[in-house]
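Ready to practise reading a protein structure? Work through the exercises below with the model open beside you, and try each task before you look at its solution.

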Amino acid sequence: MAVTRYGAVFAVREYRPMFVAHVISMLGTMVAEVALSVLVYRSTGSPFLTAATFAVGFVPYALGGTLLASIADRYPTRTVLVWCNLVSAALIATMAVPGLPVVALLGLRFASATVAPIFGAARAASIPEIVPGPAAVLARSLIRVVTQSAQLVGFAVGGLLLVVVSPRFALAGEAAGFVLSALLLRLGTRWRPARGGTGGSMLGDSVRGLRAVFGAPRIRALLALWWVPPVFAVAPEALAAPYAHGIGRGSVGLGLLMTAVPAGAVCGELGAGLLSARLRSRLVLPLATGSLLPLTVFVVHPGLLVAVLALFAAGLCSAYLVGLDQWFLAAVPEPLAGQAMAVNSGGLMLGQAIGMAAAGAAAEYVAPHRVVVIAALLGLGATAATVHRVRRSATAPADRTLAGAPTG
């Protein structure tokens, strides 16, 4: 069946329960993050520990995307997805137990965040099996749209929900949501055998897979294009609070600044889905190269409206990810699909964490709007160099290093 538009993706029977399960788990994750941060703050009164509940969610992506990455290919996809959801449900339900010390809550948060990249990699790698052909790119794009939309809706829903229920009740509800997601995936998707081999150790498979992924110049260049722009693009988000305070806009300004990029990204991805695969492919490098250009407007220390429009424009440029996804799916061999997706998500999250930390550290000495401009200029240069590597990799000989990938 030829699928060329977003609406037609939902005609694929197996994709619908996977999509609904993702919506449930993403909204629940956002609500759970809010609930956990409130629970920690009420227990300690510490802004640092409250912020740590969010920050601790970034680091495990490096672990899940490297040492544990082979799980996504080593076992049948449906098995991995269902068990990841059930493990997440158990961890979050434990967070709801009264009387747990803060260190235990943070440990449980760390553990649940370690599961997330394994689940995401297995789901991403399975989409081309469920929605074959070029339509897989649109199916994966819809997953990213939900993720971005959850940032817009989830935190607001979480804040409103906690007006009427306790944080522990909200955590228990999120645990139930993960169980529901597991049921949807178990009953709504078909069992398929594992893509990769299971003969060696999990760590050995992970190491061999990492060598194959990073040893392939084309895959390495495409991963760099996924990772480099976001490292610098997160500076406005990291500094939204001090910037909003500096222009006298307070919490309202903070909310608009925080939601502008995700809103632009949703519009950009949906718009890219209306284009032909060929046109999406042709837009990848121009949009990626210019994705940080709107942030240079911060050199004039703009007011709220101009700042929000600049951030929205930067988000729109995320449309390049749809075409980049086409290239990535074409470059990664099937036995490595799950591990490559895990590496991708792990590097992306870790890079954003580093970018946020660097922007925050720089803002201790330099005005926030100047930090954003510096990040944009550095990012433009780094992205241009990465685009050059991607162009060169497109004409390079076939990657012989992929022959060492674990295939069973």
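**Exercise 1. Helices α2 and α7**

Task: Find which residues of α2 meet which residues of α7, then describe how the two helices pack.

Solution:
- Step 1. Start on the α2 side, where Tyr15, Met18, His22, Glu33, Leu36, Leu39, Val40, Ser43 and Thr44 make the contact. Their partners in α7 are Val102, Leu105, Arg109, Arg123, Ser126, Ile127 and Ile130. Keep in mind that this is a predicted model.
- Step 2. Sort these contact residues by class: 9 are nonpolar, 4 polar and 3 charged.
- Step 3. Now look at the axes. Two packed helices are described by the angle between their axes and the distance between the axes. For α2 (residues 15-44) and α7, the axes come within 12 Å and cross at roughly 165°.
- Step 4. Angles over 145 degrees count as roughly antiparallel. Therefore α2 and α7 are roughly antiparallel to each other. Their crossing is left-handed.

**Exercise 2. Helices α6 and α9**

Task: Work out how α6 and α9 are oriented towards each other, and list the residues in their contact.

Solution:
- Step 1. Take the geometry of α6 (residues 77-95) and α9 (residues 167-188): the axes come within 8 Å, with a crossing angle of roughly 170°.
- Step 2. This angle makes α6 roughly antiparallel to α9. The two helices cross in a left-handed way.
- Step 3. Colour the contact residues. α6 brings Arg78, Leu81, Val82, Asn85, Leu86, Ser88, Ala89, Ile92, Ala93 and Met95. α9 brings Leu171, Glu174, Ala175, Phe178, Val179, Ser181, Ala182, Leu185 and Arg186.
- Step 4. By class, this contact holds 13 nonpolar, 3 polar and 3 charged residues.

**Exercise 3. Helices α15 and α19**

Task: Is the crossing of α15 and α19 left-handed or right-handed? Describe the packing as well.

Solution:
- Step 1. The axes of α15 (residues 277-290) and α19 lie 8 Å apart, at an angle of about 160°.
- Step 2. α15 and α19 are therefore roughly antiparallel to each other.
- Step 3. The crossing of these two helices is right-handed.
- Step 4. In the contact, α15 supplies Leu285, Ala288 and Thr289, which meet Leu380, Thr383, Val387, Val390 and Arg391 of α19. The classes here are 5 nonpolar, 2 polar and 1 charged.

**Exercise 4. Empty spaces**

Task: Describe the lining of the largest cavity and of the second largest pocket.

Solution:
- Step 1. Rolling a probe the size of a water molecule over the atoms shows where empty space is left. Searching the whole structure gives 3 cavities of 30 Å³ or more. The largest cavity has a volume of about 60 Å³.
- Step 2. Its lining consists of Met18, Thr77, Arg78, Leu81, Ser126, Glu129, Ile130, Thr189, Arg190 and Arg192. At least two of these lining residues come from α6, and at least two from α7 (102-130).
- Step 3. The lining of the largest cavity has 3 nonpolar, 3 polar and 4 charged residues.
- Step 4. Move on to the second largest pocket, with about 180 Å³ of space. Its lining includes Val231, Phe232, Ile354, Gly355, Val371 and Leu378.
- Step 5. Two or more lining residues come from each of α11 (217-233), α18 (337-362) and α19 (368-394). α18 gives the most, with 5 residues.
- Step 6. By class, the lining of this pocket has 11 nonpolar residues, 1 polar and no charged.

Technical notes. Residues are numbered from 1 along each chain as its sequence is written. This is a predicted model: local features need pLDDT of at least 70, side-chain atom pairs count only at pLDDT 80 or more; totals for chains, interfaces and linings use all residues. Side-chain values use heavy atoms; hydrogens and water are left out. Axes are lines fitted to C-alpha atoms, for helices over the stretch in contact, and angles run from 0 to 180 degrees between N-to-C directions. Helices (H or I, at least four residues) and strands (E, at least two) are DSSP runs, numbered from the N terminus. Angles under 35 degrees count as roughly parallel, over 145 as roughly antiparallel, 65 to 115 as roughly perpendicular and the rest as oblique. A crossing is left-handed if the near helix is turned anticlockwise from the far one by less than a right angle, and right-handed if clockwise. Contact means heavy atoms within 4.5 Å. Ala, Val, Leu, Ile, Met, Phe, Trp, Tyr, Cys and Pro count as nonpolar, Asp, Glu, Lys and Arg as charged, and the others, Gly among them, as polar. On a 1 Å grid over the protein atoms alone, a cavity is a set of points where a 1.4 Å probe fits but cannot get out, and a pocket is an open set with protein on both sides within 12 Å along at least five of seven lines; lining residues have an atom within 4 Å of a point. Grid points are joined across faces, edges and corners, and a volume is the space filled by probe spheres set on the points.
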